[in-house]
Amino acid sequence: MSKNKHKKQLRQMKKGSVASGVIMFLFVNAAVILGLIVFVRIVVGYAVDSKLAAEHLAIEYMADIYENGKDDSVYDILDLSGRSYTIRDKSGKVIHESGNITCKDEVKRINFQFTDKSIKVVGDEKLDYFYPEEGGSLGFNVAKFIKDIYREEQAVGEDELFEFSDDVGKAGYQSEILSITVSSESDAVSLNLPLWMEIDVKDGSEMFIAKARIKADMTDIWLLAFTGLMLLLIIFFSLLLILIMLITNIIRSKRIEKSFYEDPATGGHNWAWFEINGEKLLSKGKNAKNEYAVVNIDVLKYRNYCVCHSLQEGERLLRKIDNYIKNSIEKKEMVAHCTPSNFVLLLNYKGKENLDIRLRSMISGLEMLDGEHSFSFHVGVDVLGVVRDANGRILRRKDINLETEYNNAVTARVTLSESEGSGIAYFDDKLIEEQKWIDKVNERAETAIEKEEFVVYYQPKYDPRTDTLKGAEALIRWDSPEMGFVPPGRFIPIFEKNGFITEIDHYMLTHVARDQKKWMDEGKAIVPVSVNVSRAHFIENDLAEQIRDIVDTAGAPRDKIEIELTESAFFDDKKALVGTIVKLKKYGFSVSMDDFGSGYSSLNSLKDMPLDVLKLDAEFFRGDMADSRGEIVVSETIKLAKSLNMKTVAEGVEEKEQVEFLAEQGCDLIQGYYYAKPMPGAEYEQKMGSMKTAENGGQAAENGGQHEENDGQAVGDGE
């Protein structure tokens, strides 16, 4: 999984865990608060409507008295109400007025909230708290009201506010807004909020405007205060609940993040944590001056340990390793478990020598981690030096890619694969060039097949008793227009790893069969040619049929094609291998085992495999054949083969004494530089045409190029 995908998944989990809870609780609390506000508006609206209706009814009564009055005595009656009022005509001319007239000139019509009734109102110039809103409702200027109350409290001292009077036996304060009374019997507080109401009289020719007071007594004040307090409490607890949920979700998010970054086997950190946080650490400006190393540690034979003990024991071992490494590194260094037997580290170091000492000390400690078992570790290291510009200034690591650095460390570690003991390898320019070569080979492989850049070379096999050509082995070379002439050792191991070797097998079989058919049609006495088939091919159930069809399509005789297997193939599915060999023999092919003696199960393989030819590994003939032990092994092997009705071929033979010894022991064929090196098809065709060699081995060696430079002998003769 890529780094960006890891980050995206983590962001989504965090966002989902926190945001969903916040959104849900915001929605619920908003609904509760909105509902409460609506409820308060209904309660207050109903109370205001009731008080407005009562005041309007009283003023209507006064207007009726005026309208039904016959003389000026009606004004005396109206004055008894104690209200300030004014009577005007349509032009605004005052007909009569009484009291302190502070009404404005502008008249507005307002609607009751819970009835279809509407009234005309006029604002007060001095205490202008009420105002008409859009839609005909009555608004209230809370800010101005609170400001005036505060100003009034500042203007009147507490002593003056509550000074008792002997004649009334009580103390208090009275203003146009606030009325406070304190007595031995009761305390009373009331608000008087002025609003002028207008009623048309005299058939609309006159206007009766009187001052209404919207009074709020203690009951109203307590109800309003209680409702306000409840609203504040609900808002407070809602916000508190949201805060609690936020904290809970943050904790849950941290747990999710920990789970996302946790390795199930060790309980420590995994690759995602290492990659994301490691790149963050390396890209910080303050760390630009530090040298770092990405280290890959592989536990050798970890699978074997799990098989011999248990998976649980294997995980217990991994936890011990993880804990040991954690205790061995510094605070700002990192370790993570990334594959079943692999750990990755990010270490800060000063000098490669110190890093090497530190790593060797760590490996020594890991080797002694368990007193009952001995462990080995392969370590690959990719160092990240300080980055500088052309002027030598230190640059910040902006585009660091830890996955690339980790792969480099793994590439270095893989170079130790042949070693069974602990070791450390560093990634360098040579490995970079090797990786580039591997990439180049992989990129050009398909094209090389299509353009037939692979060339078949033939190395003859001779009868050592008669020095006559009796067979050959087909070997591959790559004549690339871009890369030049490439020996097999430079590309065959790559193809064996990536699986392309099966395409090479088909290619070689096809071209050898075509050559055999061509030479046969030309009247040449062809001899059997052995063709290597890789072990990767033997997982296919129809391999024998594939080989048969390729040879038959080319028109070559089956008995002139020998299928050559390496000894390593016998370590795979033996039952399937035996079945394929039996079918090949049934179809008329001979089958040989290459490199006999290079492994450890050769004799056991001979017991079960119905082979036709046994090829003795070239290592038998390296050095001095006068060694009696070596001669005994070779001699007895030839006898064993004959007892099993198998022919023997000795490969890698270069000395005359070796040829004479093998001929004396009854070896059937010899393949090696003593007689001939691998050669192109045209040159082999000439040798095949003569069907003879020189009269003596020395001359044969001279003709064959006994000591010519080998263009790939070490690995070329084997493929």
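**Note on the predicted model**

1. Trp271 is buried, at a relative accessible area of 15%; the cut-off for buried is under 20%. This residue belongs to helix H6, which covers residues 271–283. Trp271 and Cys338 stand 67 residues apart in sequence, but their C-alpha atoms are 5.0 Å apart in space. The model is predicted, and the values in the points below are to be read as computed from that model.

2. Overall composition. The protein has 719 residues, of which 45% are buried. Its secondary structure comes to 21 helices and 26 strands. Of the contacts between residues at least 6 apart in sequence, 65% join residues at least 24 apart. The structure holds 34 salt bridges, and some of these are taken up in later points.

3. Asp124. This residue sits in strand S4, residues 118–124. Asp124 is buried and has no salt bridge. The nearest side chain of opposite charge is that of Lys211, 4.4 Å away. A salt bridge requires a nitrogen-to-oxygen distance within 4 Å, so the Asp124 and Lys211 pair, at 4.4 Å, does not count as one.

4. Surroundings of Asp124. What does the side chain of Asp124 meet in polar contacts? One polar contact, of 2.6 Å, is with the side chain of Thr102; another, of 2.8 Å, is with the side chain of Trp196. Leaving aside residues up to four places away in sequence, Asp124 touches Thr102, Lys104, Pro194, Trp196 and Lys211.

5. Helix H9. Residues 352–367 form this helix of 16 residues. From first C-alpha to last, H9 reaches 22 Å, close to the 22 Å expected at 1.5 Å a residue. Its buried residues are Leu355, Asp356, Leu359, Met362, Ile363, Gly365 and Leu366. The cover over these buried residues includes helix H8 (311–328). It also includes strands S12 (291–299), S14 (342–349), S15 (377–384) and S16 (423–426).

6. Hairpin of S1 and S2. Strand S1 (residues 85–89) pairs with strand S2 (residues 94–98) in the antiparallel sense, over four bridges. Ile87 has His96 in S2 as its bridge partner. Four residues lie between the strands of this hairpin, in which Gly92 takes a positive phi near 100 degrees.

7. Glu452 and Arg514. The closest N and O atoms of this salt bridge are 3.8 Å apart. Glu452 lies in the loop between helix H11 (429–450) and strand S17 (454–463), and Arg514 lies in helix H13 (residues 501–521), so the pair ties together parts that are 62 residues apart in sequence. Are the two partners buried or exposed? Glu452 counts as partly exposed at 44% relative accessibility, and Arg514 counts as partly exposed at 45%.

8. Other salt bridges. The side chains of Glu443 and Arg444 meet at 3.8 Å, N to O. Glu443 is exposed, with a relative accessible area of 59%, whereas Arg444 counts as partly exposed at 25% relative accessibility. Arg548 forms a salt bridge with Asp549, with the closest N and O atoms 3.1 Å apart. Asp549 counts as partly exposed, at 40% relative accessibility.

9. Network. Which residues are linked in a network of salt bridges? They are Glu473, Glu564, Lys615 and Glu651.

Conventions. Residues numbered from 1 in each chain as written. Predicted model: local features only at pLDDT ≥ 70, side-chain atom pairs only at ≥ 80, totals over all residues. Heavy atoms only, no water. Helix = DSSP H or I, 4+ residues; strand = E, 2+ residues; numbered from the N terminus. Buried < 20%, exposed > 50% of the residue type's maximum accessible area, 1.4 Å probe, protein only. Lys, Arg positive; Asp, Glu negative; His and termini not counted. Polar contact = N/O pair within 3.5 Å; in protein donor to acceptor, adjacent residues only side chain to side chain. Contact = heavy atoms within 4.5 Å. Expected span 1.5 Å × (residues − 1). Pairing = 2+ DSSP bridges.
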